[in-house]
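Me: Got a model open here. Can you walk me through its aromatic contacts and odd backbone spots?

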Amino acid sequence: MKVLEMNHVKKSFNNASLHVLKDISLSVSEGEVVSIIGPSGSGKSTLLRCATLLTEMDSGELIYSGECAAKNNDAGKAVYSGKAELKKIRSIFGLVFQNFNLFPHYSVLKNLMDPQISVLSRSKEEAKERAMVLLGKMGLEEKADAYPCQLSGGQQQRVAIARALAMNPLILFFDEPTSALDPELTGEVLKVIKQLAEEKMTMVIVTHEMAFAKAVSDRVIFMDGGVIVEQGKPEDVFENPRMERTKQFLRNYSQQ
């Protein structure tokens, strides 16, 4: 089953003078882990923002599990579904940001419980039980009463992942989940994502961690200049890239 379909997505900024996404199409199947790599400014994060309804596409089609979030009108402009439909679609995905986006004035437990109660109408008991199970999974159950400022960056990101999982999404998006962390803390977050991959969680990961993308992904997409230059199995893209631009990017990356 296809969890996500994006067809012919285009997005420009600055009164259409800056074309950030130029006719991008991709789909993600249930249980698949897709990593998106590419240089800064290639459109990776904008693609993720369009997929998660944070940025509106200029044109294109966005479908989650057969539910249409947006499609083109006769003039070729993207038209979005109504409020109720979009609310339903938002419950299908979760998003983990690079700078955690936890509520600083809420405890860790409250950060995990509140969205479950307000969006999924779970009881406090249910929400707490789910939150504690996930904190246990992240190795953070003893931090339930702590506040985000009392945690390391790696711990905050693991709380953010737990918060996203608490909503039972069908697909989880990560926008450079380790870019705000130092190398020591990066490993603990990548370990959690790897565990989720082993559990067949459907994920789309924008990342600069090449070794991680190679190890964890079913498919790797290389973007540059607002287009998908190349995609395929990790071993093909990393070890035997077909496109010259991909080769150049990976060469430059290995020299850093």
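Me: Which ring does Lys-110 lie over?
Reply: Lys-110 sits over the face of Tyr-106, 4.5 Å from the ring centre. Keep in mind that this is a predicted model.

Me: OK, ring on ring now. How many aromatic pairs does the structure hold?
Reply: There are 4 aromatic pairs. Take Phe-93 and Phe-173: the ring centres are 6.0 Å apart and the planes meet at 80°, so this pair is edge-to-face.

Me: Where do Phe-93 and Phe-173 lie?
Reply: Phe-93 is in strand β7 (residues 93–96) and Phe-173 in strand β8 (residues 171–175). The pair therefore ties together parts that are 80 residues apart in sequence.

Me: Buried or exposed, those two?
Reply: Phe-93 is buried, and Phe-173 is too. Ring pairs also link Tyr-64 with Phe-93 and Phe-173 in a cluster.

Me: What about Phe-222 and Phe-249?
Reply: They form a tilted pair, 5.0 Å centre to centre with 35° between the planes. Phe-222 belongs to strand β10 (residues 219–224), Phe-249 to helix α9 (residues 244–255). They are 27 residues apart. Both Phe-222 and Phe-249 are buried.

Me: Switching to backbone. What is phi at Ser-65?
Reply: Near 45°, so to speak on the positive side, and Ser-65 is not a glycine. Most residues other than glycine have a negative phi. Ser-65 is in the loop between β4 (59–64) and β5 (67–72). Ser-65 is partly exposed, at 25% relative accessible area.

Me: And Phe-100, what is its phi?
Reply: About 70°, also positive. Phe-100 is in the loop between β7 and α3 (108–120). Its relative accessible area is 11%, under the 20% cut-off, so Phe-100 counts as buried.

Methods: Residues are numbered from 1 along each chain as its sequence is written. This is a predicted model: local features need pLDDT of at least 70, side-chain atom pairs count only at pLDDT 80 or more; totals for chains, interfaces and linings use all residues. Side-chain values use heavy atoms; hydrogens and water are left out. Rings of Phe, Tyr and Trp (its six-membered ring) pair if their centres lie within 6.5 Å; planes under 30 degrees apart count as stacked, over 60 as edge-to-face and the rest as tilted. Helices (H or I, at least four residues) and strands (E, at least two) are DSSP runs, numbered from the N terminus. Buried means under 20% relative accessible area, exposed over 50%, partly exposed in between (1.4 Å probe, protein chains only). A charge sits over a ring if NZ of Lys or CZ of Arg is within 6 Å of the ring centre and within 35 degrees of the ring normal.
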